[in-house]
Amino acid sequence: MKANIVIAGAGLAGASTAYHLRQKGVNDILVIEKETTPGQHSSGLNAAMVREKVADSNVQVLTSRGANALRTGQFCEFRKTGSLLVGWGNEDVSKRFPGAMGKALWCPEDGVVDTAGLLQTFLREQEVLCDCELLQWTPVDGGIAIQTSKGTITTGLLVNAAGPWAGTVGDLPLTPMNRHLFQTPQMPEISTGWPIVWDVVNNLYFRPDNGGLLMCVCDQQARTPGDYRVNHNVQIQLAETMSRLQPQLSNLAIKNCWTGQRTFAQDENFVIGFDPRNIHVFHVAGLGGHGVTSSYAVGQLAASLITQRQVEPNPFDPARLVTAAENKRTAV
């Protein structure tokens, strides 16, 4: 098999990159996905929230651009709920979310999206080869030979958008971190129109979901890619945190619990750009917890860098990781 560009990973990062490349007139793109359907990992196990305001100024550019695109409703259903970022402002949280406590920054344009619909839009008219696991790749004249579970694919450019597996695929120091989400049963006192509440100081968020609450204590536990085992101690941590910070919403029953993986570089910055070791490899990885909000803008940036063949440093340049890893090996 041959393709001009092969994108490894059919999650939001890879799908958005493919979408924007097609918008720029690039053809002969093949997306390969190790699972039976796209979006089974990080892109399908998140809280589906669009939160524009973040602490990092470079990431802020992409979350703002991505949030603005999602708010149009052109790519998927977007439900504007607003968000209250506790610790960043003086808005009384209880006025917008009865029973909740704290002072917050009110962000009225934030909300919740249909992530499955977003992924479907990005992949519309895109060839996706599922059940196709990338086993290894090797440089060849003019490109890359990719060994997969469905045979060898040769390409001029391999785009590494493998989510939790991106570090392995791209030989980069990236770490998948598990985070737990907890869902309560239906609660008649909860209104679906109430906003997201996110305590950015004490690392806690919750929002209305399916008639109850979706809650997270923002835990981070390093795991191997695809290891979604639930750590039941996190539920104890959640109960203690809610009791301390949101006593009127504590002692809630838990109906469901699951984990998703967010992948980070050590500096917690995105990784978007050509690999300095091989110009035929491009990375779109390390989006941490910003994948949903920033996905449109991340794919747009990646497509621009690819089509312009831009290799100059950018805030998300993978070269910083390669240099750091090589320096560490040299020191050892």
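User: In this predicted model, how far apart are the end C-alpha atoms of helix α6, and what span should its 18 residues have?

Analyst: Helix α6 covers residues 291–308, and at 1.5 Å a residue its 18 residues should span 26 Å. The distance found between its end C-alpha atoms agrees with that expectation, being 24 Å.

User: Where does α6 bend?

Analyst: The axis of α6 changes direction by about 35° within the helix. The residue at which this bend is placed is Ala297.

User: Is α6 largely enclosed by the rest of the structure or largely open, and how many of its residues are buried?

Analyst: A residue counts as buried when its relative accessible area is under 20%. By that criterion α6 is largely enclosed by the rest of the structure, because the buried residues among its 18 number 14.

User: Which parts of the chain does the salt bridge between Asp110 and Arg71 link?

Analyst: The side chains of Asp110 and Arg71 meet at 3.4 Å, N to O, and the two residues lie 39 residues apart along the chain. Both Asp110 and Arg71 are buried. The parts joined are helix α2 (residues 57–71), which holds Arg71, and, for Asp110, the loop between β6 and β7.

User: Is Glu35, which meets Lys34 in a salt bridge, buried or exposed?

Analyst: The side chains of Glu35 and Lys34 meet at 3.3 Å, N to O. Lys34 counts as partly exposed at 31% relative accessibility, whereas Glu35 has a relative accessible area of 17%. Since buried means under 20%, Glu35 is buried.

Note on methods
Residues numbered from 1 in each chain as written. Predicted model: local features only at pLDDT ≥ 70, side-chain atom pairs only at ≥ 80, totals over all residues. Heavy atoms only, no water. Helix = DSSP H or I, 4+ residues; strand = E, 2+ residues; numbered from the N terminus. Expected span 1.5 Å × (residues − 1). Bend = angle between axes of the 7 residues up to and from the residue. Buried < 20%, exposed > 50% of the residue type's maximum accessible area, 1.4 Å probe, protein only. Salt bridge = Lys/Arg side-chain N within 4 Å of Asp/Glu carboxyl O.
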